[in-house]
Amino acid sequence: MEALIFVIVLLVIAGVTAVARSMKVVQQYEKGVLYRFGRVQPEVLEPGLAFIRPIGDRLQRVNMQTVTMTVPAQDGITRDNVSVRVDAVVYFKVVDAIKASVNVQNYMNAVSQQAQTSLRSIIGQSEMDQLLAERDAVNRALQRIIDEPTEGPWGIKVERVEIKDVSLPEGMKRSMSRQAEAERERRARIITADGEYQASKRLAAAAAVMAKDPAALQLRLLQTVVEVAGEKNSTLVMPVPVELLRFFEKMAPGQPAPTGSTALADAEALDLGDAEVAAAEAAIAHTGAPALGEATVPPVPEIAASEVPVPPAIPEPAITEPAITEPAIKEQQSPGGTTPRNPPM
C-alpha cells in the first residue's frame with residue numbers, strides 16, 4: 001500500500017512538472033522562437049500564454065523593442081587630414097526574430113561592432129566641415145552603411161543614427177576661431193562699405209536737389225546753426241561751404257546770368273581775360289569797346305585844335321655880358337698873381 005501511494009505521488013509530481021514545463025508566457029514586447037529537438041520551428045509564438053511539449057521543445061524569447069546603443073568614441077582622420085574624435089548613438093530593433101536568433105550568435109554585440117567600423121569609415125570619407133555642419137547627411141550615410149549588412153541576414157532594422165559629439169584638437173579650434181573672427185570682420189567691413197555707398201547715393205541726390213535751388217543750401221546752413229545753438233555751447237562754429245560762396249558769387253550784380261549750355265560753360269572756363277584787355281585798349285584809343293554783357297565805357301569826344309585855348313607866350317629876357325679886354329684882366333690881377341673873388345662888372 002505504501003509503495004502504491006509513493007508511485008502515485010511520483011506520478012503527480014511528474015505531471016505537475018510536465019505541465020509547468022509546457023506552459024510558457026510570452027510578454028507583449030517579445031516573440032517566441034520554438035526549437036524542437038534542435039530544429040527551429042517556422043511558427044513564431046505570439047505574446048500571451050503558449051503551450052509547448054515538455055520534452056524536446058525549447059523556447060527562446062526575442063525582445064522586439066527598439067534598442068538604444070551608444071557607440072564608443074572613435075578616433076579618425078577626415079578626408080582633409082584633420083584628426084577628430086567622434087561618438088554616436090544607434091537606434092535599432094529586431095524585425096525578424098528567427099533570423100536574429102539563428103543567423104547571428106549575439107546580435108547586440110554584432111550591431112555594436114558594425115556601428116564602430118562604419119563610424120570609422122564615414123569619418124575617413126567626410127570632411128571636417130561636413131561633420132560639423134552637415135550632420136543630417138552624415139547621419140543618413142552612416143545609417144545606410146550600418147543597416148545594409150544587418151537587415152537582410154540578421155533581421156535587424158537600424159532606425160536612426162545620430163552623431164553625438166565631434167572633438168577637435170586645440171590647435172584646430174584656435175584656427176577655426178581665427179577664421180570665424182576674420183569672416184565676421186569681413187562681413188562688418190562689407191556692411192559698412194555698403195552703408196557708406198548708400199549714404200553717398202542719398203547725399204548725391206540731396207546735392208542735386210539743392211543745386212536746382214541754391215537757396216536750399218543756405219536754409220540748410222541756418223538749420224545746422226539752430227541745431228548747434230540748441231546745445232548751449234559757449235563757442236559757435238559756423239562752417240562756410242564753398243557752395244555758399246559760389247551762390248553769393250552767382251547772385252552778385254553785374255555778373256552774367258548762368259546758362260545751362262555746355263558750350264558757354266566751356267568758353268567761360270577757358271576765358272583768360274583777353275576781351276577785357278581789348279576793351280581797355282579800345283577805351284584808351286578813344287574807340288568804342290564791343291559789348292561784353294557788362295557796363296560799357298562811354299566814348300571820349302574829340303576836341304578840335306582850334307577850340308583849345310592857347311596861352312600867350314612869355315618872352316625870355318635877354319642876358320648880355322660885358323666885354324672884357326686883355327688889359328683890363330691884367331689890371332685886375334693882384335701883385336701877388338691872385339685874382340680877386342669879386343671882379344668888378
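The questions and answers below cover burial, cores and strand pairing in a predicted model.

In this predicted model local features need pLDDT of at least 70, side-chain atom pairs count only at pLDDT 80 or more, and totals for chains, interfaces and linings use all residues. Residues are numbered from 1 along each chain as its sequence is written, and side-chain values use heavy atoms, with hydrogens and water left out.

User: Is Ser118 buried or exposed?
Analyst: Ser118 belongs to helix α3, where helices (H or I, at least four residues) and strands (E, at least two) are DSSP runs, numbered from the N terminus. Buried means under 20% relative accessible area, exposed over 50%, and partly exposed in between (1.4 Å probe, protein chains only). At 3% relative accessibility, Ser118 is buried.

User: Leaving aside neighbours within four places in sequence, which residues is Gln116 in contact with?
Analyst: Gln116 lies in helix α3, residues 107–125, and is buried, with a relative accessible area of 17%. Contact means heavy atoms within 4.5 Å. With neighbours within four places in sequence set aside, the contacts of Gln116 are Val71, Pro72 and Gln74.

User: Which element gives the most residues to the largest nonpolar core?
Analyst: A nonpolar core is a set of buried Ala, Val, Leu, Ile, Met, Phe, Trp, Tyr and Cys residues joined through side-chain atoms within 4.5 Å. The largest has 37 residues, of which Val84, Val90, Phe92 and Leu119 touch the most other members. Elements giving two or more residues to this core include β7 (83–94), α5 (135–154) and α3. The most, seven residues, come from α3.

User: How many residues does the second, separate core have?
Analyst: Val26, Ala50, Ile52 and Leu59 are among the members of this second core. The core is separate and its residue count is six.

User: Why is β2 largely enclosed by the rest of the structure?
Analyst: The reason lies in the burial of the residues of β2. β2 is largely enclosed because the buried residues number five of the seven.

User: Which residue in β5 is the bridge partner of Lys31?
Analyst: Two strands pair if DSSP finds at least two bridges between them. β2 and β5 (residues 57–63) run antiparallel and are joined by seven bridges. In β5, the partner of Lys31 is Val62.

User: Which residue in β3 does Gly32 stand opposite?
Analyst: Strand β3 (residues 39–45) pairs with β2 in the antiparallel sense over four bridges. In the hairpin of β2 and β3, with two residues between the strands, Phe37 takes a positive phi near 55°. The residue opposite Gly32 in β3 is Leu45.
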